[in-house]
Amino acid sequence: TSPSSRSEEKRRKRRHEKRRDDTREERDVAILEEPEHLNWYHHGSRWPELYRHVVGVAHTNYLQYSRLQYPGLEGQLKESWMELLNAVVCAAYTDVVVKLSPTLVDVPGHNLVCNVHGVRGEFLAVGAQAARNAGSFFDRGAYFLGKALWTKGYRELLDALAAHGPAGGDAPLPPLHTFGSGPDENAIRSEVERLGVDVVTHEGIDHAHPSMHGYSLFVNPSTSDVLCTATAEALAMGKKVLIPDHPSNLFFKQFSNAILYDDPAQLGSLISEALATPPAAMTKMEQYALSWEAATERLLDAAALPAGTRRPKERPLHSLAYGVHYTMGTQPLCDVLRVASGVRPVFSVEERLRAAVGLATGDRGDSDGEKGVVEVGSSGGGGGGGGGVGGGGGGGGVGGV
């Protein structure tokens with residue numbers, strides 16, 4: 001090779017390295033929406049090695065889902081396993097974890113509670129219109145909106161309404177309308193008929209639909225959400241909200257139209273009281289607090305590590321967490337992890353047996369030309385085995401960069 005060729009090769013290599021370094025310099029911050037879900041089956045680079053700062057936004061209570069979906073001992077075991085797995089991946093892949101409410105457990109490293117979600121502008125526009133027409137805007141009563149699942153609060157709502165009645169000396173309530181579609185829709189309607197409560201059920205609808213504007217009271221007894229978006233939307237539209245005094249509702253305590261209760265037995269009488277007067281007009285600060293602009297400002301404040309704090313990736317235990325999780329992503333441990341998490345394995349037992357038989361006999365194929373040895377690699381995505389960064393249900397991705 002001539003000297004000129006060697007020099008050109010060196011210059012090309014330096015340019016390539018510079019471009020690579022420049023690319024790394026541009027990778028300032030990664031925001032991982034649901035860092036647990038996103039990294040359960042991730043088997044690749046460590047995000048804090050690729051970005052200067054990695055923020056996880058946690059807004060799903062996977063422990064509760066494990067407990068509710070699998071009753072008894074199985075649910076308790078899955079809940080404990082999920083808590084451990086979440087702790088490992090958050091320690092391995094994040095610098096800061098922002099939890100939308102205190103319903104979520106702490107994870108290793110720097111984590112804090114802050115609602116960094118907002119509502120669509122159209123909800124705030126409805127609220128502004130309601131403030132301008134306070135005397136005539138709200139011409140309907142109470143309602144509930146949520147997916148038709150018992151875990152979304154329907155059981156608590158129907159039981160509370162059934163307990164409120166003439167037998168206890170209570171005045172009858174006006175009809176309460178529910179909006180929601182889902183797997184338990186027919187069962188909920190059957191229970192309404194069985195209990196004889198004055199509830200009118202409807203299929204799901206967009207919360208911002210004009211037909212929803214006139215309702216003055218949103219009743220939401222659910223405690224299964226980390227932070228209920230529908231409650232925030234109802235407040236933004238200028239409605240009153242009747243909600244339990246629960247950690248998931250901590251953010252809503254600051255609003256003048258939020259009515260919180262401690263005992264579900266209070267629900268019936270509080271509905272009557274709330275419907276007796278119209279909602280108060282939202283202040284400018286209340287409107288701003290519900291906007292995405294305010295949510296972004298809160299995120300910028302919450303996402304920073306305290307001054308002088310060492311990045312978690314530099315701590316031995318967090319590096320160990322990455323090593324453990326990376327090892328868990330290699331086969332056959334990967335499929336053990338997937339089965340323990342309730343997800344189908346990448347390779348079935350039959351495929352593994354065929355691979356083992358093929359290796360033992362030296363058979364590399366059959367008459368149809370199919371390989372007798374199944375290639376065993378690392379996990380990709382989630383339930384269906386997606387890309388390099390997978391989610392639990394069917395492949396995910398970095399929520400925001």
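Reader: Before anything else, what does contact mean here?
Author: Contact means heavy atoms within 4.5 Å. That cut-off matters for the next point, and keep in mind that this is a predicted model. For contacts in the protein chain with a separation of 6 or more, the share from residues 24 or more positions apart is 67%.

Reader: Okay, how many helices and strands does the protein chain have?
Author: Let's start with size: the protein chain has 401 residues, and 45% of them count as buried. As for secondary structure, the tally is 15 helices and 10 strands.

Reader: Which strands pair with β3?
Author: On one hand, β2 (residues 53-58) runs parallel to β3 and is joined to β3 by four bridges. On the other, β3 pairs in the parallel sense with residues 110-113, again over four bridges. So much for the counts; the names you want are β2 and β4.

Reader: And which residue of β3 is the bridge partner of G56?
Author: Look at a residue of β3 that turns up in two bridges. Its partner in β4 is N111, and its partner on the other strand is G56. That residue is V97.

Reader: Are the faces of strand β3 covered or open?
Author: Take the strand, residues 96-99, one side at a time. V96 and V98 are buried on one side, and V97 and K99 are buried on the other. Both faces are therefore covered, with buried meaning under 20% relative accessible area.

Reader: Let's move to helices. How many residues of α9 are buried?
Author: You can go through them by name: A230, T231, A232, E233, A234, L235 and A236 are buried. The helix is mostly covered, and of its eight residues the buried ones number seven.

Reader: What do the buried residues of α9 pack against?
Author: Their partners include one helix, α6 (121-132). The rest of the list is made of strands. Put together, the buried residues of α9 pack against α6, β5, β8, β9 and β10.

Reader: Which residue with a positive phi follows α9?
Author: Go just past the helix and check the backbone angle. The phi there is near 85°. The residue is G238.

Reader: Now the pockets. Which element gives the largest share of the lining of the largest pocket?
Author: The largest pocket holds about 570 Å³ of space. Two elements give two or more residues to its lining, α4 (62-69) and α5 (73-93). The largest share is six residues, and they come from α4.

Reader: Which residues lie nearest the centre of that largest pocket?
Author: There are 23 lining residues to pick from. By class they come to 11 nonpolar, 10 polar and two charged. Those nearest the centre are W40, Y62, Y65, S66 and Q69.

Reader: Which residues are closest to the centre of the second largest pocket?
Author: This pocket has about 440 Å³ of space. Its lining has 25 residues, and by class they divide into 10 nonpolar, 10 polar and five charged. The closest to the centre are K152, D225, L227, C228 and T229.

Reader: Which element gives the most to the lining of the second largest pocket?
Author: At least two residues each come from β5 (140-145) and α9 (229-236). The top contribution is three residues, and it comes from α9.

Reader: What about closed spaces: which element gives the most to the lining of the largest cavity?
Author: The count is two cavities of 30 Å³ or more, and the largest has about 60 Å³ of space. Its lining includes Y154, F179, R189 and H202. β6, α8 and β7 each give two or more residues. With three residues, the most comes from α8.

Reader: Which residues line the second largest cavity?
Author: This one has about 40 Å³ of space. By class, its lining has two nonpolar, four polar and one charged residues. They are N220, S222, D225, C228, I243, S248 and N249.

Reader: Why does S248 count as buried?
Author: S248 sits in the loop between β9 (240-244) and β10 (258-261). Farther along the sequence than four places, S248 is in contact with S101, T103, T223, D225, V226 and L227. Buried means under 20% relative accessible area, so S248 counts as buried because its relative accessibility is 3%.

Reader: And which side chain makes a polar contact with the side chain of S248?
Author: This contact links two side chains, at a distance of 2.8 Å. The partner of S248 is H246.

Notes: Residues numbered from 1 in each chain as written. Predicted model: local features only at pLDDT ≥ 70, side-chain atom pairs only at ≥ 80, totals over all residues. Heavy atoms only, no water. 1 Å grid on protein atoms, 1.4 Å probe; cavity = no way out; pocket = protein on both sides within 12 Å on 5 of 7 lines; lining within 4 Å. Points joined across faces, edges and corners; volume = space filled by probe spheres on them. Nonpolar A, V, L, I, M, F, W, Y, C, P; charged D, E, K, R; others polar. Buried < 20%, exposed > 50% of the residue type's maximum accessible area, 1.4 Å probe, protein only. Polar contact = N/O pair within 3.5 Å; in protein donor to acceptor, adjacent residues only side chain to side chain. Pairing = 2+ DSSP bridges.
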